[in-house]
Amino acid sequence: MKEPLTLKEAAPLPRQRTEQLIDAAVRCAEERRWDVLPGTWLETVGGREVCSCGDADCARPGAHATTPDWAGLATGSGPAVRRIWTGRPTSSVLLPTGRSFDALDVTESAGFLALARMERLELAVGPVIRTPDRRTLFLVLPGGAAKLPELVGNLGWDAAAIGLAGRGEGDYVAAPPTRVGGRGAVQWVRRPAPADHRLPGAAELVGPLAYACARETADARGRLS
């Protein structure tokens, strides 16, 4: 087990980055009315970014919940969010799914293929997040994750087999500009509109997403054969 970090060992994050995290957390609560959860953070030790959890083999360094009972720590109060991040300004910004939104999770390449198709079809696409591990998350109305297997099945595919996943109640996503140690920052592909809180339903986006995932899966199988 990695020894706990000390203040002497850990270098502080640049002030600009901490200000960006605070601003992002407050905007999510005040402008978008989303619940926000403070997560772990990155500390620089010996020139290397490591997770505040102290696990040298952390799977998501600087971008996961700090405790198993994290759900009770999330808040949608702007003043509360500001107090939390003012006291711990380097915390990652996590957004619980299953509350204000669910997320449809696909590979980056399938996500961009689907997004191009959605734009051609003039679909009302909501916020879209790109993660450093090359995933694309489409935010949809709550309940979409639970409906996903049936919606994809109605189109003739199996959601798990084509790599189309839903993230709903009991899960969370990292919000921009949270950094995942050594991999880069979470980014907005499509930013949420502050004045527009309406999100698409999963049924509105599942067609292009399933098509893109199925095409990518078929191409991968073709390369392996």
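**Strands, a hairpin and D105 in a predicted model**

In this predicted model, strand 7 and strand 8 form a hairpin with 4 residues between them, and R134 in the turn has a positive phi of about 65 degrees.

Q: What makes strand 7 and strand 8 a pair?
A: Two strands pair if at least two bridges are found between them. Strand 7 and strand 8 are joined by 3 bridges and run antiparallel, so the pairing criterion is met. Within this pair, R130 stands opposite T136 of strand 8.

Q: How do you know that strand 6 and strand 8 pair, and in which sense?
A: There are 6 bridges between strand 6 and strand 8, in the antiparallel sense. The cut-off is at least two bridges, so these strands count as paired. L104, for instance, has F138 in strand 8 as its bridge partner.

Q: What joins strand 7 to strand 13?
A: Strand 7 (residues 128–130) and strand 13 run antiparallel and are joined by 3 bridges. One of the partnerships is that of V128 with R190 in strand 13.

Q: Why are strand 9 and strand 13 called edge strands?
A: The open sheet has 5 strands in the order 9-6-8-7-13, with antiparallel pairing. Strand 9 (165–167) and strand 13 (187–190) each pair on one side only. From one strand to the next, the twist averages 30 degrees.

Q: Which helix packs on the sheet, and which strands does that helix touch?
A: Helix 4 (residues 144–154) packs on the sheet and touches strand 6, strand 8 (135–140) and strand 9. The direction of helix 4 makes about 160 degrees with that of strand 9.

Q: Why is strand 8 described as largely enclosed?
A: Of the 6 residues of strand 8, 5 are buried, so the strand is largely enclosed by the rest of the structure.

Q: Why is D105 called buried?
A: D105 is found in strand 6 (residues 102–107). The relative accessible area of D105 is 10%. Buried means under 20%, so D105 falls in that class.

Q: What makes the link between D105 and R135 a polar contact?
A: The side chains of D105 and R135 are joined at 2.8 Å. The limit is 3.5 Å between N or O atoms, so this distance lies within it. Not counting residues up to four places away in sequence, D105 touches R135, T136, L137, G163, L164, A165 and R167.

Q: How much of the chain counts as buried?
A: Of the 225 residues, 45% count as buried. The chain contains 5 helices and 13 strands.

Definitions and conventions. Residues numbered from 1 in each chain as written. Predicted model: local features only at pLDDT ≥ 70, side-chain atom pairs only at ≥ 80, totals over all residues. Heavy atoms only, no water. Helix = DSSP H or I, 4+ residues; strand = E, 2+ residues; numbered from the N terminus. Buried < 20%, exposed > 50% of the residue type's maximum accessible area, 1.4 Å probe, protein only. Polar contact = N/O pair within 3.5 Å; in protein donor to acceptor, adjacent residues only side chain to side chain. Contact = heavy atoms within 4.5 Å. Axes fitted to C-alpha atoms, helices over the stretch in contact; angles between N-to-C directions.
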